[in-house]
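Grab a pencil and work through these short exercises. Each one comes with a solution you can check step by step.

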Amino acid sequence: MAWDTLDLSFAERFRAQPATVGAFEAVRATLKETFTDLPPPEQRRLRERVVLMTSVPPLRAMLLDQLVGTGHTIAQLVADRTGADPGDPAIRALVGAVVGAAFAAVFAVPAHPDTDFATLLGETLDQLSTIATDGWPGDGVPTR
């Protein structure tokens, strides 16, 4: 599956999220759905591609460019959904957090050979949500 196809699938799924769902939750749910719904052969190819791209410096740079492009796509989708400008600080924060979580999940792939990317991404996004609402696990300091 080409990255452009994933972007298109993501955009369609994101726009289909209920209006009652907040922007972060809509992005999180859409990312999880997009990668979970890949057929097993596509999940294997994605894993192979990610392992290769994280291990070869010039390919790693290309991967970063792809994540930046995905961030721009997410920013525009969230802006369309919320009526805010794509450069709004809240949208920048959301996109930065999500792209950072995706980057962390990508670099976890080689260290977790028995776990698919969708699971790693889902776990990372779930932790991001937990930390944002409840604080760091075990620090006893709530964020609210």
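**Exercise 1: a ring pair inside one helix**

Phe-14 is buried, at 2% relative accessible area. Your task: work out how Phe-14 pairs with Phe-10, and where both sit.

Before you start: this is a predicted model, where local features need pLDDT of at least 70, side-chain atom pairs need 80 or more, and totals for chains, interfaces and linings use all residues. Residues are numbered from 1 along each chain as its sequence is written, and side-chain values use heavy atoms, leaving out hydrogens and water.

Step 1. Buried means under 20% relative accessible area, exposed over 50%, partly exposed in between (1.4 Å probe, protein chains only). Phe-10 has 6%, so Phe-10 is buried.

Step 2. Both lie in helix H1 (residues 3-15), four residues apart, about one turn of the helix. Helices (H or I, at least four residues) are DSSP runs, numbered from the N terminus.

**Exercise 2: name the geometry**

Which kinds of aromatic pair turn up among the three in the structure?

Step 1. Phe-10 and Phe-14 are stacked, with 6.1 Å centre to centre and 20° between the planes. Rings of Phe, Tyr and Trp (its six-membered ring) pair if their centres lie within 6.5 Å; planes under 30 degrees apart are stacked, over 60 edge-to-face, the rest tilted.

Step 2. Phe-35 and Phe-117 are edge-to-face: 5.0 Å centre to centre, 80° between the planes.

Step 3. That pair links distant parts of the chain, 82 residues apart: Phe-35 is in helix H2 (residues 23-36) and Phe-117 in helix H6 (residues 117-134).

Methods: Helices (H or I, at least four residues) and strands (E, at least two) are DSSP runs, numbered from the N terminus.
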